[in-house]
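Here's a quick briefing to read alongside the structure. Take a look at the fold, then work through the bullets topic by topic.

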Amino acid sequence: MAALTPSATARPKPEGAWRRRRPRVWRGVVGLIAAAYFLGPMVASVVFTVDVPGKGLTLSSYSGIFGVAGFWDSLRLTLELAAATIAATLLLLVPALIAVRLTAPRLRVLLEVLCSLPLVVPAVALTAGISSVLQWGPDHLADTPLFQTFTAIQNPDFPVVLLLAYVLMALPLAYRTLDAGLRSLDLATLVEAARNCGASWPRTVVHVILPNLRGALLNTGFLTLALVLGEYTVASILGYQPFAVWIVSLGGSNAQVSVSVSVLSLVLTWVLLLLLATAGRGRAARTPRGARANAAPADASTGVTPDVTAAIPSAATDTVTVQEKS
């Protein structure tokens, strides 16, 4: 009987087993095509900057970047604009999204449409409209106090008009990122738990909601920074010289240094992206495995993340404990 009984090894394998074992050659082909598409221009740019005719391979185009006239001024202006744009975008969108989700869900569609409008308006058309508005100052407001305002927002040291344009251009990306972060939270439960324990609205937002939105906030900041670093059209038409405009203007006199700066800025963007990804995973990696296991049942039943515990004021916690004991 044992000879007639088919062994376990003789059982037919599932139909898709051989397919899973078959080498996925197409994955390698797609990976090579993607690598050639993304890294090819980068490699060509690096070769152009280090291969100087008559000198051979040299790094002189990289070593002389920091001494080029206008480098530090344009970089400082761009970083200041980026920091101000990130702060203004977050201060504008985070309270609006929280208020809409908690008090007026029907206005969410209207907010989404308003934040998506910059996607359908080309940068050239936006700049043309801004230029027309700025002309109102000398044409119609020369004898009014508003003329000083129009002059102040066009200050070359820190052009507020560029900041306003960048905030508009960053709204679609920032809205999508923050909205995805809020969707992953049980916002009503978080706010209700904090408010029931005595936390004020500012403390609830700062100590409960924002820590749970850390990933979305970091992504918003990175996308806004990348947008400001690479924006050229608006600043060029309005006559300002941030980092991107300075790189293009430098290309007319020193092409190799211009390409070298572009390569370094691209590498810096990649480094920031890696740091952002590391920061997003760092918190989860630092959390003890046992603590996550113990906190899992509570999270599944209430939907409250462990950050709420740290956000609740200590005095309110003591009050709740005394009431439970009584």
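A salt bridge is a side-chain nitrogen of Lys or Arg within 4 Å of a carboxyl oxygen of Asp or Glu. Arg76 and Glu80 fit that description, with their closest N and O atoms 3.2 Å apart. Keep in mind that this is a predicted model.

**The big picture**

- The chain folds into 18 helices and two strands.
- It has 326 residues, and 30% of them are buried.
- Take the contacts between residues at least 6 apart in sequence: 74% of these join residues at least 24 apart.

**Salt bridges: the pair in H4**

- How many salt bridges turn up in the whole structure? The search finds five.
- Let's go back to Arg76 and Glu80. These two sit four residues apart in helix H4 (residues 71-103), so about one helical turn separates them.
- Arg76 counts as partly exposed because its relative accessibility is 38%, which falls between the 20% and 50% cut-offs.
- Glu80 is partly exposed too, with a relative accessible area of 32%.

**Salt bridges: the group around Asp179**

- Asp179 forms a salt bridge with Arg101, and their closest N and O atoms are 3.1 Å apart.
- That pair ties together distant parts of the chain: Asp179 is in helix H9 (residues 160-183), Arg101 is in helix H4, and their positions lie 78 residues apart in the numbering.
- Is Asp179 buried or exposed? Its relative accessibility is 6%, so Asp179 counts as buried.
- Arg101, on the other hand, is partly exposed at 28% relative accessibility.
- Asp179 has another partner in Arg183, again with the closest N and O atoms 3.1 Å apart.
- Arg183 and Asp179 are both in helix H9, four residues apart, or about one turn of the helix.
- Arg183 counts as exposed because its relative accessibility, 55%, is over the 50% cut-off.
- Which residues end up in one network through shared salt-bridge partners? They are Arg101, Arg108, Asp179 and Arg183.

**Helix H9**

- H9 has 24 residues and reaches 33 Å from its first C-alpha to its last.
- That's close to the 34 Å you'd expect at 1.5 Å a residue.
- Where does H9 bend? The bend is at Leu171 and comes to about 45°, with a proline, Pro172, following within four residues.

**Helix H5 and the loop after it**

- H5 has 13 residues and spans 19 Å from first C-alpha to last, close to the expected 18 Å at 1.5 Å a residue.
- H5 bends by about 25° at Leu114, and a proline, Pro118, follows within four residues.
- Leu111, Cys115 and Ser116 are buried in H5.
- What do the buried residues of H5 pack against? They pack against H4 and H9, the helices that hold Arg101 and Asp179.
- Pro122 lies in the loop between helix H5 (108-120) and helix H6 (123-134).
- Pro122 is partly exposed, at 48% relative accessibility.
- Pro122 and Met169 are 47 residues apart along the chain, and their C-alpha atoms are separated by 9.9 Å.

**Cysteines**

- Cys115 has 4% relative accessibility, so it counts as buried.
- Cys197 is buried as well, at 17% relative accessibility, because that value is under the 20% cut-off.
- How many disulfides are there? With a disulfide taken as two cysteine sulfur atoms within 2.5 Å, the count is zero.

**A closer look at Thr204**

- Thr204 lies in helix H11 (residues 201-212).
- Thr204 counts as buried because its relative accessibility is 0%.
- A polar atom of the Thr204 side chain lies 2.7 Å from the backbone oxygen of Ser200.
- What does Thr204 touch, leaving out residues up to four places away in sequence? The list is Val191, Ala194, Arg195, Ala199 and Ile209.

How values were computed: Residues are numbered from 1 along each chain as its sequence is written. This is a predicted model: local features need pLDDT of at least 70, side-chain atom pairs count only at pLDDT 80 or more; totals for chains, interfaces and linings use all residues. Side-chain values use heavy atoms; hydrogens and water are left out. Buried means under 20% relative accessible area, exposed over 50%, partly exposed in between (1.4 Å probe, protein chains only). The expected span of a helix is 1.5 Å times one less than its number of residues. The bend at a residue is the angle between axes fitted to the seven residues ending there and the seven starting there. A polar contact is a pair of N or O atoms within 3.5 Å; within protein, one must be able to donate a hydrogen and the other to accept it, and residues adjacent in sequence count only if both atoms are side-chain atoms. Contact means heavy atoms within 4.5 Å.
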